Amino acid sequence: MADGVTRWESAGGNNTKSIGGNGYEFSYTDKEGKTQYLQVDYGSMFADTEKTGLEAYIPEIPKSNDILITHGHMDHVGGIAHLINLRRGKTKEPLTLHCTKYSEMMIRNNLASSRIPVEEFPQFHTIEPGKPFEVNGFKVEPFAVSHSIPEASGFVVESPDGIRCMTMGDFKTAPVPLGNGWDDKAVAEIAKKGIDFMFVDSTSASSPGYSKSENIVQGGLKEVLKQSEGGMIVSAMISSSAHRLHTIATSVAKYAKETGTNPRTVIIDGTALINARRALNKCGYALEDMVKEQTGVDVKIVAAGTKAAQQVPPDERFYVCTGTQGEEASFVKVAEGRNKNISLDVGCPVHVFNLQSCIPGNEEQYKELEEKFKAKGCTTFFPDRYKPNAITVHASGHSGAGDVAHACKIVHDNSPRPTKVIPIHGATEQRNKVMEIAHDAGMNTFLVRNFSSVAIDSEGRATFEKPAKEETWITVTDLNHDFRKPKYEYARIGMNIDERKVRQIGPIYYKKPPFKKNNMLDAAAAKKILEAQGRV
């Protein structure tokens with residue numbers, strides 16, 4: 001075995017109070033001092049635009065030209081378009097993303113909407129669960145996990161000295177309706193090869209029990225349909241959480257079948273949601289066909305702004321919008337009367353349901369969004385993340401305490417090596433909960449702050465390095481506030497971890513891409529989307 005040191009560093013995501021900006025770096029330094037790097041995810045984090053003027057925060061630029069992608073949510077991939085901007089003209093090394101086909105489609109859509117020229121798109125290496133590969137001296141074994149998006153993945157990363165680290169990504173253990181999901185036997189087989197460190201999603205660890213499956217949400221959505229009879233439904237979901245779109249269509253079909261009524265038409269609004277639907281189709285997930293096969297009922301899914309949508313009577317519409325957290329998107333535009341495709345003045349009651357609970361740290365903006373709908377006379381239901389809800393309209397894609405305990409037990413019982421647990425993807429309180437659960441499973445744990453690292457020798461012994469006192473983030477601002485013609489501005493800030501005080505480090509200058517209409521991957525597709533939304 002090589003005489004070297006394996007390191008893991010939190011590049012973002014292990015935040016004090018908020019969720020997002022996920023990114024982690026593995027590295028291996030050999031006895032000659034040469035270091036190889038491998039990044040996992042490169043996400044964005046919400047910024048309260050009204051208060052800060054910023055669009056988002058992203059982690060520091062990775063040292064690796066290769067990034068393992070766990071899944072296609074923006075808090076894990078939202079920084080990639082900006083990374084391409086920041087790398088432009090500074091390196092000739094290609095950027096390679098190792099991900100599933102659905103994640104690739106979601107990333108391509110985001111790059112196109114961010115006006116990244118097609119010739120600057122990264123290379124994509126398609127991964128599959130159970131099919132190992134090698135990159136930068138590391139052996140990587142992907143495995144399927146359940147989440148709120150199809151084809152979510154975890155990885156075992158083995159460094160040249162044999163240290164094996166399992167990163168779970170965002171996960172839960174419930175079955176999923178689309179693609180592969182969590183498999184106890186598959187995880188146990190991986191663990192039997194030995195796991196030195198296990199990096200565990202903490203986002204919902206403070207919730208007791210197991211996270212619900214989408215099957216349970218179907219019951220809640222049928223109650224939504226019952227309570228909304230005679231009225232129009234306006235809802236919102238995270239666009240890339242495609243399982244929820246399948247659940248909505250399935251619930252509409254089952255409710256119609258059980259009540260002997262015509263099924264509502266599912267009408268989607270928001271470019272990201274339309275792009276997600278197209279990605280599903282390209283990856284073989286034809287929702288209308290799947291629902292018909294499962295229920296025998298035809299449910300139509302159409303884009304808002306089309307003639308097909310406009311011809312549906314208001315009390316037969318089930319709108320699904322983007323923007324669950326109050327960000328500048330379809331849902332908030334409806335609430336503020338700015339959405340050209342969806343009006344609340346339709347001559348019948350309007351029932352508004354947010355199909356996503358509040359992201360921790362965004363409580364104020366989430367509440368303000370609901371109040372805007374109430375002020376328009378709508379009946380609203382926004383689920384509480386931390387308390388029982390009268391109707392189940394949301395199933396977290398993240399592991400509850402039961403899921404965390406279940407995963408820890410499988411690894412602990414099957415790994416021939418003692419496995420240490422490092423909680424990730426959560427605020428301090430949530431990561432502390434994972435530590436408590438792991439301790440109960442007989443496992444040692446480490447709490448690692450953002451931008452702090454753990455060094456692991458060839459025997460699996462770990463020591464902390466670089467205990468960070470300050471987080472460094474790259475801020476993103478779109479000076480145009482227009483996704484069709486963004487004008488990005490970047491800067492670095494430092495944030496004191498304990499006092500949360502922010503200091504300005506300075507702007508980051510980058511080479512702008514030449515704008516050519518004919519070099520955009522989705523020029524024709526973007527036009528069709530805008531036409532469908534009635535925006536051109």
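Let's start with helix 3, which covers residues 80-87: eight of its eight residues are buried, so this helix is largely enclosed by the rest of the structure. Keep in mind as you look around that this is a predicted model. If you want to find the buried residues of helix 3 yourself, click through Ile80, Ala81, His82, Leu83, Ile84, Asn85, Leu86 and Arg87. Then step just past the end of the helix, where you meet glycine 89 with a positive phi of about 80°.

Now zoom out. The chain is divided into two domains: domain 1 takes in 5-210 + 396-471, while domain 2 runs over 216-381. How far apart are the centres of domain 1 and domain 2? Going by C-alpha atoms, 31 Å separate them. The two domains do touch, though: 23 residues of domain 1 are in contact with 22 residues of domain 2.

What does that meeting place look like? Between them, domain 1 and domain 2 bury about 1900 Å², and 65% of that is on carbon and sulfur atoms. On the domain 1 side, the residues that lose the most area to domain 2 are Phe46, Tyr102 and Leu178, which together make up 30% of what that side buries. As for contacts between polar atoms, the rule finds eight residue pairs in polar contact across the interface, with both residues of a pair at pLDDT 80 or more. Salt bridges are another story: the count between domain 1 and domain 2 is zero. Which helix gives the most to the side of domain 1 that touches domain 2? That's helix 4 (residues 101-113), with five residues. Sort the residues of that side by type and you get 10 nonpolar, eight polar and five charged.

Let's pick out a few single residues, beginning with glutamate 327. You'll find glutamate 327 in the loop between strand 17 (317-321) and helix 11 (330-335). Is glutamate 327 buried or partly exposed? Its relative accessible area is 23%, so it counts as partly exposed; the cut-off for buried is under 20%. Setting aside residues up to four places away in sequence, glutamate 327 touches Phe46, Val332 and Gln365. You've met Phe46 already, as one of the domain 1 residues that lose the most area to domain 2. The side chain of glutamate 327 also reaches the backbone nitrogen of glutamine 325, at 3.0 Å. And to link back to helix 3, whose buried residues include Arg87: glutamate 327 and arginine 87 are 240 residues apart along the chain, with 28 Å between their C-alpha atoms.

Next, look at serine 241, in the loop between strand 14 (232-236) and helix 7 (242-259). Serine 241 is buried, with a relative accessible area of 6%. Leaving out its neighbours within four places in sequence, you can see serine 241 in contact with His73 and Ser148.

To finish, here are two residues with something unusual to check in their backbone angles. Aspartate 41 isn't a glycine, but it has a positive phi of about 65°. Look for aspartate 41 in the loop between strand 3 (35-40) and strand 4 (45-46), where it is buried, with a relative accessible area of 1%. Histidine 425 also has a positive phi, near 65°, in a residue other than glycine. Histidine 425 sits in the loop between strand 20 (420-424) and helix 14 (428-440), and its relative accessible area of 3% makes it buried.

Conventions
Residues numbered from 1 in each chain as written. Predicted model: local features only at pLDDT ≥ 70, side-chain atom pairs only at ≥ 80, totals over all residues. Heavy atoms only, no water. Buried < 20%, exposed > 50% of the residue type's maximum accessible area, 1.4 Å probe, protein only. Helix = DSSP H or I, 4+ residues; strand = E, 2+ residues; numbered from the N terminus. Domains from an automatic or database assignment. Contact = heavy atoms within 4.5 Å. Buried area = accessible area lost by both parts, 1.4 Å probe. Salt bridge = Lys/Arg side-chain N within 4 Å of Asp/Glu carboxyl O. Polar contact = N/O pair within 3.5 Å; in protein donor to acceptor, adjacent residues only side chain to side chain. Nonpolar A, V, L, I, M, F, W, Y, C, P; charged D, E, K, R; others polar.
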